[in-house]
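A reader new to this structure may like to go through it by question and answer. The turns below take up the strands, the helices and the core.

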Amino acid sequence: MGWDIIIGVSLESLINATMIAYALAAIGLNVHFGYTGLLNFGQSAFLGVAAYGLAMTVATFGLPFWVGIGVGLLGAVILALLLGIPTLRLRADYLAIVTIAAAEIVRLFFRSVSLSEWTGGSDGLQAFSDDFYAMNPYGSALEIGTVISFDARELWVMTVGWVLVAISVLIVFLAMRSPWGRVIKAIREDEDAVRSLGKNVVSYKMQSLILGGVLGSLGGYIIALSKAAVQPDTFGTEFTFYMYTIVILGGAARVFGPVVGSMIFWFLLAFINAVLPAAITAGYIPTWLMTTTQAGAVGYIFVGLGLVLLLIFRPQGIFGDKKEVMLDGR
Amino acid sequence: MAADANVPPGVARARAALKDVPHQPGAKKPDAILVADKVVRRFGGLTAVNVGHIEIQRGAITALIGPNGAGKTTFFNLLTGFDKPNEGDWTFNGSPLGGVAPHKVARKGMVRTFQLTKALSRLSVIDNMRLGATGQKGESFWQGLVPALWKAQEQEITARADELLARFKLDAKREDFAGSLSGGQRKLLEMARALMVQPDMVMLDEPMAGVNPALTQSLLGHVKSLREDGMTVLFVEHDMDMVRDISDWVIVMGQGEVIAEGTPDTVMADPRVIDAYLGAHHDGTAHDPDEVAAEVEGGKSHE
């Protein structure tokens, strides 16, 4: 078995662009779910709107890259307003229902045949990232030993991605230790108590929805730019559920939770996805039990099993406080 | 009672002001902080609240009593903006408050507590308190990102919160999660947190419910001290001992309407009140006040 390749792939997934995109998305979701208690099941829509905002502006309408970034961010803010205005006055479960539906609407909108002239339909869009890679200062690939290698393009996306992660973490850290964050966390505990103390709860929930949506949309840029393409089915519902897994794994309402959660999630997935096919090829796992084509699906089963065990033995996640989880909700 | 030389100034002031007020529903008060007119709330075919006219005296402790289903909590929810009336208007400190959102009601100086205590479990006790302060600069998102803009105000708020925590004997629990407090301590915290808003009027929804006897006296003391500080208190309560002990004025609701008003002793002797509590089968003949009080207290035990 080629252990050096397996280890190399696993270590790369600790810091690569996919992990960064999920970390950014989960940082945003953590603002919604972890801090404010908003059940947003449509976080993937924020990433989709930002990614397509960039791709369509540049590839379809031929406008500059930075205009595309602006359009994507504006799209995320508008999506938050569209989701929030009708639902935030209602009970929490309504937001969950509306967001899960909205995320599907956004995905189906981008892949619809009648709009394919602008969105590329199910094939998506390419050729919007040239300006981004033209800014790439790296000339050559990075090789660490023989096991880890990132080419110059990957390095550039990762550099930008990690800067965005750092900025996002800093914003969440500063916001959540401020009186603003105190109101946000209080809303998670009991909205009516916060209302009775003179705070405009609906306004705070809307601010949280916008902040988390905008932070999540940064993940959409990273996905789009690292692949130099956007496809509608990238932004499906399962994306949002992986984000929830990451948030809970890292510890909800913890500043670094989503980043470390994303690292662990992708490390485990990459490791299992590399080990299983290698073990089958080497004959350690008999083919009547599992073939290399089945190994991918089995990988997700193992990740799921690992997460179940983690939640049984450490329900507060990596950074969480056990005492906090054990308190009754009200 | 009034002849007692040890009566605190707040009690004397409140009782003197209410001395000449007639004992009848909708009676005019010499200095009303809250005046409500024709407040109606219907749930489908049921009229839960139908209050013709009501005035609450400033600086006094007024009890709102009545049997279960009389509409006390619904009326509370209407006054504090947590529910919307079908009809009706009311003014607080002279400004109209009918149909105003709850957070604006609180900012006007009318703060409530809840029958089921709402401690913010996963916030520390001191953060619960700090949250109560109004007009915080750091509660706006952008200003919150820059600690220099709100640090001084935060220290001032924390000092005020610590003072209140000491007064309510919660200072030892300062850093604990509010969710780890006992039921009675949560009631205390909720009341202390309401005071952080610096209200003119405090609305307490069953402050004694679920509080063990050891804490009852201290809670009573705190409610009385609000009056000494010049605040107006309106509270819903089933515990008749408490009502008699601390209230200057009692308003009785039955089936959504105000059926009687007066000082605790006269109200508890009122045949309409006894009817409301014990049902229409009661003959309603004249009673010795102590006997009546005993019956009214008996009435609460079946609730």
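Q: Which residue of β4(B) stands opposite B:V35?
A: The model is a predicted one, and in it strand β1 (residues 32–43) of chain B pairs with strand β4 (residues 87–92) of chain B in the antiparallel sense, over five bridges. Within β4(B), the residue standing opposite B:V35 is B:T91.

Q: Which strands are the edge strands of the open sheet of four strands in chain B?
A: The open sheet of chain B has antiparallel pairing and the order β2-β1-β4-β5. An edge strand here pairs on one side only, and in chain B this holds for β2 (46–57) and β5 (95–96).

Q: What angle does the direction of helix α2 of chain B make with that of β2(B)?
A: Helix α2 (residues 72–79) of chain B packs on the sheet, where it touches β1, β2 and β4 of chain B. The direction of this helix and that of β2(B) make an angle of about 65°.

Q: How far apart are the end C-alpha atoms over residues 155–176 of chain A?
A: According to the unreviewed UniProt entry, the annotation "transmembrane region" covers several stretches of chain A, among them residues 65–85 and 155–176. Over residues 65–85 of chain A the chain is 100% helix and 0% strand, with its end C-alpha atoms 30 Å apart. Over residues 155–176 of chain A the chain is likewise 100% helix and 0% strand, and there the end C-alpha atoms are separated by 31 Å.

Q: How many residues of helix α9 of chain A are buried?
A: Helix α9 (residues 179–189) of chain A is mostly covered, and its buried residues include A:W180, A:R182, A:K185 and A:E189. Of the eleven residues in this helix, the number buried is eleven.

Q: Which helix gives the largest share of the largest nonpolar core?
A: The largest nonpolar core has 176 residues, and those with the most contacts inside it are A:L24, A:A51, A:A55 and A:I222. The largest share, 14 residues, comes from helix α2 (residues 17–36) of chain A.

Q: Why does this core lie between two domains of chain B, and which domains are they?
A: The core lies between them because both give residues to it, the two being domain 1 (9–119 + 199–262) and domain 2 (121–180) of chain B.  The C-alpha centres of these domains of chain B lie 28 Å apart, and the names asked for are domain 1 and domain 2.

Q: Which residues is A:I222 in contact with, leaving aside its neighbours within four places in sequence?
A: A:I222 is among the residues with the most contacts inside the largest nonpolar core. With those sequence neighbours left aside, its contacts are A:A17, A:I20, A:A21, A:L24, A:V157 and A:G161.

Note on methods: Residues numbered from 1 in each chain as written. Chains lettered and ligands numbered in written order. Predicted model: local features only at pLDDT ≥ 70, side-chain atom pairs only at ≥ 80, totals over all residues. Pairing = 2+ DSSP bridges. Helix = DSSP H or I, 4+ residues; strand = E, 2+ residues; numbered from the N terminus. Contact = placed C-beta atoms within 7 Å. Axes fitted to C-alpha atoms, helices over the stretch in contact; angles between N-to-C directions. UniProt positions renumbered as here; feature names shortened; annotations may be inferred. Buried ≥ 20, exposed ≤ 12 C-beta atoms within 10 Å, placed from the backbone. Domains from an automatic or database assignment. Core = buried A, V, L, I, M, F, W, Y, C linked by C-beta atoms within 7 Å.
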